[in-house]
Amino acid sequence: MYLAKVRVTLKRVVNDPQGLTVLGALKNLGFASVSDVRVGKYMEVTLDESSLSSAESQLRQMAEQLLSNPVIEEFTYEIEEIS
């Protein structure tokens, strides 16, 4: 079995209104050194696959078809074997 940790974020060229709202709130709270905030999603997916390559293949398909919107988002992931 494998545990995949998936991070989905907006592409840099896409405006992030939620990130701008958080940035403004942080500045209002006195965190003047914050210069940018990007908001994203984090997911953990457990895969019952027999090999790392199979788990990775399945995860990429999931991320491309459902977990992210490839038009405006990008994803990164880490996979580790679990018992």
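Is Glu73 buried or exposed? In this predicted model, Glu73 counts as buried, because its relative accessibility is 14%, and the cut-off for a buried residue is under 20%. This briefing places Glu73 in its surroundings, beginning with the sheet to which its strand, β3, belongs.

**The sheet**
- The sheet is open and consists of 3 strands in the order β2-β1-β3, with antiparallel pairing.
- Strands β2 (40-47) and β3 (73-81) lie at the edges, each pairing on one side only.
- From one strand to the next, the twist averages 20°.
- Strands of a sheet pair through backbone hydrogen bonds, in either a parallel or an antiparallel manner.
- Strand β1 (residues 2-10) and β2 run antiparallel and are joined by 8 bridges.
- Within β2, Val45 is the residue that stands opposite Ala4.

**The helix on the sheet**
- Helix α2 (residues 52-67) packs on the sheet and touches β1, β2 and β3.
- The direction of α2 makes about 155° with that of β3.

**The nonpolar core**
- The largest nonpolar core has 10 residues: Tyr2, Ala4, Val6, Val8, Val45, Leu47, Ala55, Leu59, Ala63 and Leu67.
- At least two residues of this core come from each of β1, β2 and α2.

**Contacts of Glu73 and Val8**
- Apart from residues up to four places away in sequence, Glu73 touches Val8, Thr9, Leu10, Lys11, Lys41 and Ser68.
- Val8, a member of the largest nonpolar core, is in contact with Glu73 and, among others beyond four places in sequence, with Gly40, Met43, Leu67 and Phe75.

How values were computed
Residues numbered from 1 in each chain as written. Predicted model: local features only at pLDDT ≥ 70, side-chain atom pairs only at ≥ 80, totals over all residues. Heavy atoms only, no water. Pairing = 2+ DSSP bridges. Helix = DSSP H or I, 4+ residues; strand = E, 2+ residues; numbered from the N terminus. Axes fitted to C-alpha atoms, helices over the stretch in contact; angles between N-to-C directions. Contact = heavy atoms within 4.5 Å. Buried < 20%, exposed > 50% of the residue type's maximum accessible area, 1.4 Å probe, protein only. Core = buried A, V, L, I, M, F, W, Y, C linked by side-chain atoms within 4.5 Å.
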